[in-house]
Amino acid sequence: MEHTDVFDPRRYAQGLPHDAYRTLRDHAPVAWQEEYEVLGWPAGPGFWAVSRHADVVRVLKDAGTYSSHLGATQIRDPDPADLPFIRRMMLNQDPPAHGRLRRLVSRAFTPGRIARFTATARARAHRLLDAALADGGPADLVRTVTDDYALLNLTDLLGVPARDRGLLHTWTERVIAYQDPDEPPVLDASGRPVNPRSPAQLADMFAYAQDLAAYKRRHPADDVMTSLATSALADAELEMFFFLLTVAGNDTVRSAAPGGLLALAQDPREQARLWNGEVSLDTAVEELLRVHPPVLSFRRTATRDTDLAGVRIAAGDKVVVLHPSANHDERVFPDPHRLDLGRTPNPHVSFGDGPHVCLGAHFARLQLGVLYEAVRERCAGLEPDGPPRRLVSNFINGVTSLPVRLRAPSSPPA
Ligand code: HEM
């Protein structure tokens, strides 16, 4: 089989490798992948890539066999010295320990708090779009709208004061975009890249989380950090959760928003169906998440010898699920490469499945729905105006630049 390497982070800068995913689904649904040295990072032991929807769901639901804790959840193995530290994060725990943390932090994400957020997100979307439109001409929607939209929504929900918002941006860039040539690499004394998830790299973020929690205890407000600061979380757990939210809540929406707008811009017929109200915003949000899943992969480690789709997996092997491939599995989605904004049912796995299913899904859907609605209200449609740029990463399906033309309400399609 040729071209079935889905490991190389550089490959994703060209778009999703749908041909490789398809070949894997049809011929090797659980396929061994080499983990060679790339971009200065050392080679790893390799991993199993899981490409069919049914198998992805099975792995994600069976935490007893496929652990998030043993080797954490990134493809690349953490430095053994950092593993105990990374394992303190809820994302990298298994039931039952995971359940305790998840219950504690879920209380901060009440539906009421998220719903109260709608008006703020709407005002922000309109303000950013108005500024982009006032600038005239084609706009890079990532720079002018979607990056700020995601970051400011998250900092508001957390209760991060306006003057500190830039810090959150810096921290998530450091952790997610470290393979991208646009990011200045952090190198150690011998010139090798430094793991951005090591305690040393995160010390300033953790100190900030403690300061913010102390501030919230003195000045409680209706935000997530106040809930966390006054909960039964230990200090170290609170820091870790702040880190998790900073990364999980920012880069995912920063990917989904331009990814969804790009898919709309590229498909004028479906766009028209949304604009004239033929399909609902709710189904459109789901379908845009299906075709552009912000997360490309998550890793588990086999706790015992097992079988998956007829393949023997040994205890200790890495097992990596491929969300975009599951979302385009023709065994589940009729005509998977067609954008169908009215698609129902739509059991995409963009938010994962099983015990770790995304805690912020409700908040993410709200932000995306509000943004698409604002674009619909502000302009007659959008068209690509040059190629988008994508992130070099095998973890986040990032769009780093999205040149589009926003048609004024009275102007006809070009
Ligand atoms: C479109 C946007 C988003 C996508 C596609 C997404 C995707 C995901 C996925 C796939 C997981 C599962 C990880 C695993 O299987 O190990 C996850 C977990 C998580 N997400 Fe999201 N996410 C999004 C937005 C958000 C937002 C806005 C927040 C918070 C404000 C958030 C917070 C979390 C947290 C805390 C977890 C860990 C849950 C756990 O370990 O139990 N996410 N997300």
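**Entry 1: Leu202**

In which helix is Leu202 found? I looked it up in this predicted model and located Leu202 in helix H9, which covers residues 199-218. I then asked whether Leu202 is buried or exposed. I recorded Leu202 as buried, because 21 other C-beta atoms lie within 10 Å and the cut-off for a buried residue is 20 or more. I also looked up the separation of Leu202 from Pro403, which is 201 residues away along the chain. Their C-alpha atoms are separated by 33 Å.

**Entry 2: The whole chain**

I noted 16 helices and 12 strands in the chain. For the overall dimensions, I found that the C-alpha trace spans about 60 × 60 × 45 Å along its principal axes. I next compared the radius of gyration with the value for a compact globule. For 414 residues that value would be near 22 Å, and the chain has 21 Å, so the two agree. Buried residues make up 45% of the 414 residues. I also looked up contacts between residues at least 6 apart in sequence, and 72% of these join residues at least 24 apart.

**Entry 3: Helices H12 and H16**

I turned to helix H12, residues 251-265, and helix H16, residues 361-378. Their axes come within 10 Å and cross at roughly 35 degrees. I recorded the crossing of H12 and H16 as right-handed. On the H12 side, the contact is made by Thr252, Val253, Ala256, Ala257, Gly260 and Leu261. On the H16 side, I listed Ala364, Gln367, Leu368, Leu371, Tyr372 and Val375. Sorted by class, this contact has 9 nonpolar residues, 3 polar residues and no charged ones.

**Entry 4: Ala256**

I selected one residue of helix H12, Ala256, for a separate entry. Ala256 counts as buried because it has 27 C-beta neighbours inside 10 Å. Leaving aside residues up to four places away in sequence, I found that Ala256 touches Leu289, His292, Pro294, Ala364 and Leu368. I also checked Ala256 against Gly398, which is 142 residues apart from it in sequence. In space, the two are 8.1 Å apart, C-alpha to C-alpha.

**Entry 5: The ligand**

Which residues come nearest to the ligand? Of the 26 residues around the ligand, I noted Gly249, Thr252, Gly352, Cys358 and Gly360 as nearest. Helix H11 (235-248), H12 and H16 are the elements that give two or more residues to this shell. By class, I recorded 17 nonpolar, 8 polar and 1 charged residues in the shell around the ligand. Thr252 thus has two places in my notes: in the contact of H12 with H16, and among the residues nearest the ligand.

Note on methods. Residues numbered from 1 in each chain as written. Predicted model: local features only at pLDDT ≥ 70, side-chain atom pairs only at ≥ 80, totals over all residues. Helix = DSSP H or I, 4+ residues; strand = E, 2+ residues; numbered from the N terminus. Rg over C-alpha atoms; globule rule 2.2 N^0.38 Å. Buried ≥ 20, exposed ≤ 12 C-beta atoms within 10 Å, placed from the backbone. Contact = placed C-beta atoms within 7 Å. Axes fitted to C-alpha atoms, helices over the stretch in contact; angles between N-to-C directions. Left-handed = near helix turned anticlockwise from the far one by under 90°. Nonpolar A, V, L, I, M, F, W, Y, C, P; charged D, E, K, R; others polar. Near = placed C-beta within 6 Å.
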